[in-house]
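Got the model open? Let's go through what some of the labels rest on.

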Amino acid sequence: MATVWRAITLGAEGFERPVALKRAHPALAVDPQFVAMFVEEARVNATLDHPNIVHIHDFGSDEHGHYLVMEWVEGLDLRRLVHAHALVEEQVAWPTAVAIVVEVLRGLHAAHTRETPDGDAAPIFHRDVTPQNVMLAVNGAVKITDFGLARATDRARVTNPGTVKGKLGYLAPELTLDHPPSALTDLFGVGIVLWETLAGERLFEGASDVEILQKVARASVPPIMAIRPDVPTALAEIVHTALARDPASRFPDVRSMGVALRRVLRDHLDEPPDMHAIANDVREARERLGLGTGRRSVSSLDVEQAKRVRAALFGASSDELDASGAIPLELSRKKQ
């Protein structure tokens, strides 16, 4: 629904910072409902400040529509990590998979326990927890992104009644019956992500959308230990508890699931994986996928070329730009 570009913020005295620039596809940018969701994504993310959630730096609009300026995560998403292991006929080590999901749960806990400035509960439910939305940085950081389908409970519902929103293979069973999203629907999504990361394959697949929805509604989950016999029994129990069809049979919240996963790591390992271990796995995966090490410096950028591009974008002349190629604030406001 949108394109994300890698961009560079230029400032005074040679300041540079890579950012992600997200812009809606032109065909969708004229759809009022889609625009409302895009604006809601910006509003929702702006209220979340947590190391396991991708930050929003700015939000605006121009003649081409709305755009988001977000934190750039140099690395890859969890789906690509699993794919990189499959290329060499491997599966992600279960301790690494657990360590990644523990960080995902921390980010979701922050969203689920969000409060208004007045201290009132105003939870945010992601509604689209998938491997593609789990970003893994080359330094080992784990961040959740794309709150585009999130529903903040202090706002009116964006989704029309009877409409299923989200990727079909990652829905909770109750969402197929038009039940409202909740912390437990996100938890079910985390269960799918953990199952797929361990198994190295999709959980709910089908020849058609209807077939996928039927499988999701039944929540028939193959035993993870039949695919990964090396997985501890306690971990398998956690996976299947998260994937219980009845929400009441799942963990009461994402924090409880995180506590259970950390206990498995402590009970089975002398030294649980840390950010350094995740970083090594990410860098090896990037090499297998031909993505490089992720350490490209932005200091070699051609500032003169950047000035010309920025001048063209803002309709400014080169002498209106400062020495670094940055647009003066007054000119930026005038041009926008």
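**Labels and the values behind them**

Ala 93 sits in the loop that runs between α3 (78-87) and α4. Keep in mind that this is a predicted model.

Q: Why is Ala 93 called partly exposed?
A: Its relative accessible area is 37%. Buried would need under 20% and exposed over 50%, so 37% lands in between and Ala 93 gets the partly exposed label.

Q: How far apart are Ala 93 and Asp 230 in sequence and in space?
A: They're 137 residues apart along the sequence, with 9.4 Å from C-alpha to C-alpha.

Q: What makes Glu 90 and Arg 288 a salt bridge?
A: The closest N and O atoms of the two are 3.6 Å apart. The cut-off is within 4 Å, so the pair counts. Glu 90 is in the loop between α3 and α4, while Arg 288 belongs to helix α10 (residues 275-288), so parts 198 residues apart in sequence are tied together.

Q: Why do Glu 90 and Arg 288 count as partly exposed?
A: Glu 90 comes in at 39% relative accessibility, and Arg 288 at 30%. The in-between class runs from 20% to 50%, so both fit.

Q: How do you know that Asp 128 and Lys 167 form a salt bridge?
A: Here the closest N and O atoms are 2.9 Å apart, and that is within 4 Å, so the label holds. Asp 128 lies in the loop between β6 (124-125) and β7 (134-137), and Lys 167 in the loop between β9 (151-152) and α5 (183-199), so the bridge ties together parts 39 residues apart in sequence.

Q: Why is Asp 128 called buried or exposed, whichever it is?
A: Asp 128 has 6% relative accessibility. That is under 20%, so Asp 128 counts as buried. Its partner Lys 167 has 30%, so Lys 167 is partly exposed.

Q: What makes Glu 71 and Lys 143 a salt bridge, and where do they lie?
A: Their closest N and O atoms are 3.1 Å apart, which is within the 4 Å limit, so they qualify. Glu 71 is in strand β4 (residues 65-71) and Lys 143 in strand β8 (residues 142-144), 72 residues apart. Both Glu 71 and Lys 143 are buried.

Q: Which residues touch the most other members of the largest nonpolar core?
A: Among the core's 66 residues, those are Leu 136, Leu 194, Leu 198, Leu 235, Met 257 and Leu 261. Helix α4 (residues 94-112) contributes the most, 11 residues.

Definitions and conventions. Residues numbered from 1 in each chain as written. Predicted model: local features only at pLDDT ≥ 70, side-chain atom pairs only at ≥ 80, totals over all residues. Heavy atoms only, no water. Core = buried A, V, L, I, M, F, W, Y, C linked by side-chain atoms within 4.5 Å. Buried < 20%, exposed > 50% of the residue type's maximum accessible area, 1.4 Å probe, protein only. Helix = DSSP H or I, 4+ residues; strand = E, 2+ residues; numbered from the N terminus. Salt bridge = Lys/Arg side-chain N within 4 Å of Asp/Glu carboxyl O.
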